[in-house]
Amino acid sequence: MIKKPRKKTSRTPRKKRGRSRFMKWLGIIIGGAIIIFAAQRIYFRLNQSDVGDYLSTEQTVAYFQWNELELPVQLRGNMNQNNFEALLSQNAGLKLSEAVENFGKGGITYTFIEHADQIEPVLFVESKGKRVTLKYFESLLLAGETLKQSLDDNPVYTYPQGQNFSFRILDGQVAISPDVEVLKTLDKKEETALSNNEAYQKTLGNLPRRSWMMGYINPEKVHLSDDLAVNSLINPLKSTIKNLAFTVEKEKDGLHFNMYMNSDASFLPQSDISGAEVFNRDLVQYIPVESVGIFMGGANLKAEWQNAIETVSNLNPAYALILEGVINDEISTLFGEGISLKNDIYPLFENEYAVAYGDGNITLV
């Protein structure tokens, strides 16, 4: 019987097989670690404490939030860092940078809350945790003193003598105010919380969330003047604006502002803007950055202005006539009697435009 020769099979040396297996397991471990890390980051962001969780929609007048205390380079010449911190902590009565260093994460929110017919300021500091926060505030006690606590599940802490402010620890935030009663209103009530308000969500959803500064204002709660003539113009506008918000982002050559105003849809023109071009800020390249203090621009000033006029007309046709009359008078003063706003000025602004001010000069592109 003739035996067939056995085929030679290539075998991977044992050392190489072990190395391959090791690399495979190493890849699985590293991949798993990346997935776990990413999941933790997502969970942290989704469950991050938001000041809006503790503010009532009806009582919140405004808030201004900073993600870090350090001023941008562009603002340091006009405002000293110490003055900036003193301004934020003036009603709290504590050293803000010291507090952030000891128990904070860097986030600061200065809020104005309507309570008992008064507008009260409350400072929020993003906290690393309850234990480290209490340790810092206990360090401010006078000898022999202890913190007093209200009889709540989440108490308000007050000082017998040493400090003129009180505070309350709210998950990842610490609320600080001289008014104890205001602090007691800061509960996590989902049905009335500002963060769950549809208009508030829409406004913030149209702005960058991680900016150096963010501000929110409820115009209905803001009282600017007791002058009847001023109020007769402002109050109708306040009734059409649900809220407005803005952000300030640090950039290499300056600060970038974004603003979104959430208006009552019944007062807005229902014109079709689906074919509008995207605003790309192409004219920025022609603005000399060294001499610019303020920069404004848009896609089509003529369309934007006419839209504003139409919105004002929906409130009261007389307002639009008065406004256009004032603008026409200014155009005549600047350019002469023969210049028409409609025929001469508007056509210049049908495309992208840019206006910059700095060093006492106005640049128009």
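Reader: How many bridges join S1 to S2?

Author: The model is a predicted one. In it, S1 and S2 run antiparallel, and Phe64 stands opposite Tyr110 in S2. The number of bridges that join S1 to S2 is six.

Reader: Is S2 largely enclosed or not by the rest of the structure?

Author: Residues count as buried under 20% relative accessible area. Nine of the twelve residues of S2 are buried, so S2 is, with respect to the rest of the structure, largely enclosed.

Reader: Over how many bridges do S2 and S3 pair?

Author: Gly104 stands opposite Ser127 in S3. S2 and S3 pair in the antiparallel sense, and the number of bridges is nine.

Reader: Which residue takes a positive phi in the hairpin of S2 and S3?

Author: That hairpin has two residues between the strands. The positive phi is near 55 degrees, and the residue that takes it is Ala116.

Reader: Which strands stand at the edges of the open sheet of ten strands?

Author: The order of that sheet is S4-S5-S6-S7-S3-S2-S1-S8-S9-S10, with antiparallel pairing. Each edge strand has a single partner strand, so one side of each is left without a neighbour in the sheet; the strands in question are S4 (148-149) and S10 (254-263).

Reader: In S8, what is the bridge partner of Ala62?

Author: S1 (residues 60-66) and S8 (residues 213-217) pair in the antiparallel sense over five bridges. In S8, the bridge partner of Ala62 is Ile217.

Reader: Which strands does H3 touch where it packs on the sheet?

Author: The direction of H3 makes about 125 degrees with that of S2. H3 packs on the sheet by touching S2 (104-115), S3 (118-127) and S7 (173-177).

Reader: What angle does the direction of helix H6 make with that of S9?

Author: Helix H6 (residues 198-205) also packs on the sheet, where it touches S1, S8, S9 (241-251) and S10. Its direction and that of S9 make an angle of about 30 degrees.

Reader: Which residues of S7 are buried on each of its faces?

Author: S7 is mostly covered, with five of its five residues buried. Both faces are covered: on one side the buried residues are Gln173, Ala175 and Ser177, and on the other they are Val174 and Ile176.

Reader: In S7, what is the bridge partner of Phe124?

Author: S3 and S7 run antiparallel and are joined by four bridges. In S7, the residue that bridges to Phe124 is Ala175.

Reader: Which residue takes a positive phi in the hairpin of S6 and S7?

Author: S6 (residues 166-170) and S7 pair in the antiparallel sense over five bridges. One bridge has Phe167 with Ile176 in S7 as its partner. The hairpin has two residues between the strands, and the positive phi, near 50 degrees, belongs to Asp171.

Reader: At roughly what angle do the axes of H3 and H4 cross, and is the crossing left-handed or right-handed?

Author: The axes of H3 (residues 96-103) and H4 (residues 130-138) come within 9 Å and cross at roughly 140 degrees. That makes H3 oblique to H4. The way H3 passes H4 is right-handed.

Reader: How do the residues of the contact of H3 with H4 divide into nonpolar, polar and charged?

Author: From H3, Glu98, Ala99, Asn102 and Phe103 meet Val132, Thr133, Tyr136 and Phe137 in H4. The residues of this contact divide into five nonpolar, two polar and one charged.

Reader: In S13, what is the bridge partner of Gly358?

Author: Three strands form an open antiparallel sheet in the order S11-S12-S13. S11 (294-298) and S13 (361-364) stand at its edges, each with a single partner strand. S12 (residues 353-358) and S13 pair in the antiparallel sense over four bridges. In S13, the bridge partner of Gly358 is Asn361.

Reader: What is the relative accessible area of Gln81?

Author: Gln81 is found in helix H2 (residues 81-89). Not counting residues up to four places away in sequence, Gln81 touches Leu69, Glu70 and Leu71. The C-alpha atoms of Gln81 and Leu71, ten residues apart along the chain, are separated by 6.5 Å. Gln81 is partly exposed, and its relative accessible area is 23%.

Reader: Of the 365 residues of the protein chain, what percentage count as buried?

Author: The protein chain has ten helices and 13 strands. Of its contacts with a separation of 6 or more, 61% are accounted for by residues 24 or more positions apart. The share of the 365 residues that count as buried is 34%.

Notes
Residues numbered from 1 in each chain as written. Predicted model: local features only at pLDDT ≥ 70, side-chain atom pairs only at ≥ 80, totals over all residues. Heavy atoms only, no water. Axes fitted to C-alpha atoms, helices over the stretch in contact; angles between N-to-C directions. Parallel < 35°, antiparallel > 145°, perpendicular 65-115°, else oblique. Left-handed = near helix turned anticlockwise from the far one by under 90°. Contact = heavy atoms within 4.5 Å. Nonpolar A, V, L, I, M, F, W, Y, C, P; charged D, E, K, R; others polar. Pairing = 2+ DSSP bridges. Buried < 20%, exposed > 50% of the residue type's maximum accessible area, 1.4 Å probe, protein only.
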